[in-house]
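Hello,

Here is the structure for your cavity and pocket work. Please load it first, then read the notes below.

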Amino acid sequence: MDQFIVKPLFGGDTISWYTPTNVTLWMAISILVIVGLLVMGSSRRAIVPTRMQSMAEMTYGFIHKMLEDICGKEGLKFFPYVMTLFMFIVTANFLGLVPMSFTLTSHFAVTVVLALLVFLTVTIVGFVKNGASFLGLFWVSSAPLALRPILAVIELISYFVRPVSHSIRLAGNLMAGHAVMKVFAGFAALTIVSPVSILAITAMYGLELLVAFVQAYVFTILTCVYLKDALHPSH
C-alpha cells in the first residue's frame, strides 16, 4: 500500500536521516495547510467572518475550552502546544484521505515521537512544578495501607505505558481504516461484487472522515488529562 511506504523524493533507494522523503513532503504540506487556515484565514478579522475565519475561531475556542475544563486556568499556558498538536494531527489525518497522498499519522515513527514529546513534557512539568510531590501521583492515599505499595507499582507501570498506548491508538486506527479500504478495493475488480465493494468503500471513507477527527480529539484530550496530572498530581 503506497500510503504506508516511505520513499525518497529524488530517486534512489537509500534513505538516510537527511534524505527528503514523502514523509518530509507531507509534513511540509500539513504545516502549510495549518498556516493557511489559522494565519491567512483569520488575518482579516472581519466582523462577518469568512468560512476559513469561522473554522479557525471555532477550532481555537474548542481547544481552549477543552484545556480549561480539564486543567483549569493554570493549564492555559500550554494552549499553544496543545493547539499545535491537535492541528498537526487532525490535518495530517484528513490529508491522508486524499487520493495519492501519504498518511503521516499511520506511521509509528511519527506517532511515537508525538507521544514521547507529550510524556517528556508532562514529566518535566510535573517535577519542576511539584518537585518530589509529583510522586504522589503514584501513591493512592485513599486506598487501604496494605494495598498502596501494590497500587503504586501498577500506577508506575501504567504511567510508563502511556506513550505506547498514546502512539499505537492513533497509528493503529489510521492504518486499519486504510487497510480495510484497500481490501474492499481489491474486490472492486470482480464484476459480481463490484457494486457492493464500491458501496463498502464509500461507507468506509465516510467512517474514516469521522475517525480522522475523533483520533485527533482523543490524542489531544489525553494530552490534557496528562497535563492535569502534572499540574495536580495528588490522588
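The largest cavity has a volume of about 30 Å³. Keep in mind that this is a predicted model. With a threshold of 30 Å³ or more, the count is one cavity.

Its lining is made up of His166, Arg169, Leu170, Gln215, Val218, Phe219 and Leu222. Two elements give two or more residues each to this lining: α5 (148-187) and α6 (194-231). The largest share comes from α6, with four residues. By class, the cavity lining holds four nonpolar, two polar and one charged residues.

One lining residue deserves a separate look: Gln215. Gln215 sits in helix α6. Is Gln215 buried or exposed? Its relative accessibility is 10%, and the cut-off for buried is under 20%, so Gln215 counts as buried. Setting aside residues up to four places away in sequence, Gln215 touches Asn93, Arg169, Leu170, Asn173 and Leu174. Of these, Arg169 and Leu170 also line the largest cavity.

Now the other helix at the cavity. α5 has 40 residues. From first C-alpha to last, α5 reaches 55 Å, close to the 58 Å expected at 1.5 Å a residue. Where does α5 kink? The kink lies at Val161, shortly before the proline Pro163, and comes to about 40°.

Arg148 is also found in helix α5. Its relative accessible area is 19%; buried means under 20%, so Arg148 is buried. Leaving aside neighbours within four places in sequence, Arg148 is in contact with Trp139, Val140, Ser141 and Ala143. Asn22 is another matter: the C-alpha atoms of Arg148 and Asn22 are separated by 49 Å, with their positions 126 residues apart along the chain.

Next, the pocket. The second largest pocket holds about 320 Å³ of space. It is lined by 13 residues. Nearest its centre lie Leu37, Met55, Thr59, Phe86 and Val90. Which helices supply at least two residues of this lining? They are α1 (22-40), α2 (51-71) and α3 (79-95). The largest share, five residues, comes from α3. By class, the pocket lining divides into eleven nonpolar, two polar and no charged residues. The cavity lining, in contrast, includes one charged residue.

To recap for your files: the cavity lining draws on α5 and α6, and the lining of the second largest pocket draws on α1, α2 and α3.

Best regards

Notes: Residues numbered from 1 in each chain as written. Predicted model: local features only at pLDDT ≥ 70, side-chain atom pairs only at ≥ 80, totals over all residues. Heavy atoms only, no water. 1 Å grid on protein atoms, 1.4 Å probe; cavity = no way out; pocket = protein on both sides within 12 Å on 5 of 7 lines; lining within 4 Å. Points joined across faces, edges and corners; volume = space filled by probe spheres on them. Nonpolar A, V, L, I, M, F, W, Y, C, P; charged D, E, K, R; others polar. Buried < 20%, exposed > 50% of the residue type's maximum accessible area, 1.4 Å probe, protein only. Contact = heavy atoms within 4.5 Å. Expected span 1.5 Å × (residues − 1). Bend = angle between axes of the 7 residues up to and from the residue.
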